[in-house]
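Please find below a colleague's note on the structure under review. The points are numbered for ease of reference.

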Amino acid sequence: MARFAILILSFLTLIGFGSWFIHTSLRGFGLLNNPLLSRSITIAMIALPLILVGSMTIAVKQYSFANAIVYTISSLHLALLSVFLMTVTTGWIAYGILRISHMSFTPIVIGLPVVIVSFLLFVVGIITAGMPKVTTQTITSSALAPAWNNKTIVLFADSHFGVVRNERLAKKIVALVNAQNPDAIFIAGDLIDGPDFPYDATLRHLAEFTPSIGTFYTAGNHEEYN
């Protein structure tokens with residue numbers, strides 16, 4: 001219990017600092033001059049991490065469709081926060097370069113691109129997260145055991161099947177893996193994402209793997225959350 005409390009406290013501290021940095025930066029870039037808008041975003045930045053923690057606590061114990069929706073929305077907030085941290089930091093670098101160059105500009109010239117790019121990256125990230133791709137590498141090392149000559153190995157990790165990424169993604173990954181006609185499949189951790197979810201509905205598709213040698217799996221840190 002103490003370990004869980006430390007984890008949650010550390011998580012909320014990091015999110016709180018990140019949210020403060022983003023909010024302060026957006027104000028500095030002249031985007032939150034409206035008190036109502038500023039206050040609304042502040043409330044959202046405080047409420048959403050707390051909602052996520054509450055939803056995670058419930059989700060670890062049992063799955064419910066209603067909580068899955070809440071968990072998904074609050075998780076997307078984390079993704080958006082991460083993108084904003086990157087773009088806001090880049091915005092401050094641009095701000096510094098412009099100041100050093102003695103160029104005349106208004107802060108909103110930086111602020112607007114930061115917001116637009118953030119939302120574009122967020123949308124692109126959400127779309128591409130559900131579109132796994134195959135990267136092929138040919139290994140020609142002399143240290144390779146002769147038994148592996150002309151063999152195809154598929155390795156994948158961090159699928160994070162769970163409340164957010166579930167059966168639809170599992171079907172895509174299984175189809176991609178089988179299309180490679182692998183002799184062996186290695187699943188290198190974080191197969192699932194932690195909170196309770198309908199395991200059978202998603203993971204049953206892994207039974208469709210057909211490697212001649214076998215499928216090998218090792219757990220990652222996310223398996224340990226549940």
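The points below take up the sheet, a helix, the pockets, the cavity and a salt bridge in turn.

1. Status of the model. The coordinates are those of a predicted model. Every value quoted in this note should be read with that in mind.

2. The sheet. Three strands make up an open sheet, ordered E1-E2-E3, and their pairing is parallel. Strand E1 (153-156) and strand E3 (214-218) are at the edges; each has a single partner strand, so one side of each lacks a neighbour in the sheet. On average, and with direction ignored, neighbouring strands of this sheet are turned by 15° against each other.

3. Pairing of E1 with E2. Strand E2 covers residues 184-188 and runs parallel to E1, to which it is joined by 4 bridges. Taking one position as an example, valine 154 has isoleucine 185 in E2 as its bridge partner. In general, the strands of a sheet pair through backbone hydrogen bonds, in either a parallel or an antiparallel manner.

4. Helix H3. Does the length of H3 agree or disagree with its number of residues? H3 has 36 residues, which at 1.5 Å a residue should span 52 Å; the C-alpha atoms at its ends are 53 Å apart, and the two values therefore agree. Histidine 102 follows H3 and has a positive phi, near 60°.

5. The largest pocket. Its volume is about 1400 Å³. The lining comprises 39 residues, and those nearest the centre of this pocket are Tyr71, Ser75, Asp193, Pro195 and His222. At least two lining residues are supplied by each of helix H1 (2-28), helix H2 (35-61), H3, helix H4 (108-129) and helix H5 (167-179). H3 provides the largest share of this lining, with 7 residues. By character, the lining residues of the largest pocket are 22 nonpolar, 10 polar and 7 charged.

6. The second largest pocket. Here the volume is about 770 Å³. The pocket is lined by 26 residues, with Thr135, Thr136, Ile153, Val154 and Leu155 closest to its centre. Two or more lining residues come from each of E1 and H5. E1 gives the most to this lining, namely 4 residues. The lining of the second largest pocket divides into 13 nonpolar, 9 polar and 4 charged residues. Valine 154 thus appears twice in this note: as the bridge partner of isoleucine 185, and among the residues closest to the centre of the second largest pocket.

7. The cavity. How many cavities of 30 Å³ or more does a search of the whole structure find? The search returns 1 cavity of that kind, and the volume of the largest cavity is about 30 Å³. Its lining consists of Ala59, Gln62, Tyr63, Ser64, Asn67, Ala68, Tyr71, Val163 and Asp196. Helix H3 (residues 65-100) gives the most to this lining, with 3 residues. The lining residues of the largest cavity are 5 nonpolar, 3 polar and 1 charged. Tyr71 lines the cavity and is also one of the residues nearest the centre of the largest pocket.

8. The salt bridge. With the cut-off of 4 Å between a side-chain nitrogen of Lys or Arg and a carboxyl oxygen of Asp or Glu, the count is 1 salt bridge. Arginine 204 pairs with glutamate 167, and their closest N and O atoms are 2.6 Å apart. This pair connects distant parts of the chain, 37 residues apart: arginine 204 lies in the loop between helix H6 (199-203) and E3, whereas glutamate 167 lies in helix H5.

Methods
Residues are numbered from 1 along each chain as its sequence is written. This is a predicted model: local features need pLDDT of at least 70, side-chain atom pairs count only at pLDDT 80 or more; totals for chains, interfaces and linings use all residues. Side-chain values use heavy atoms; hydrogens and water are left out. On a 1 Å grid over the protein atoms alone, a cavity is a set of points where a 1.4 Å probe fits but cannot get out, and a pocket is an open set with protein on both sides within 12 Å along at least five of seven lines; lining residues have an atom within 4 Å of a point. Grid points are joined across faces, edges and corners, and a volume is the space filled by probe spheres set on the points. Ala, Val, Leu, Ile, Met, Phe, Trp, Tyr, Cys and Pro count as nonpolar, Asp, Glu, Lys and Arg as charged, and the others, Gly among them, as polar. The expected span of a helix is 1.5 Å times one less than its number of residues. Two strands pair if DSSP finds at least two bridges between them. Axes are lines fitted to C-alpha atoms, for helices over the stretch in contact, and angles run from 0 to 180 degrees between N-to-C directions.
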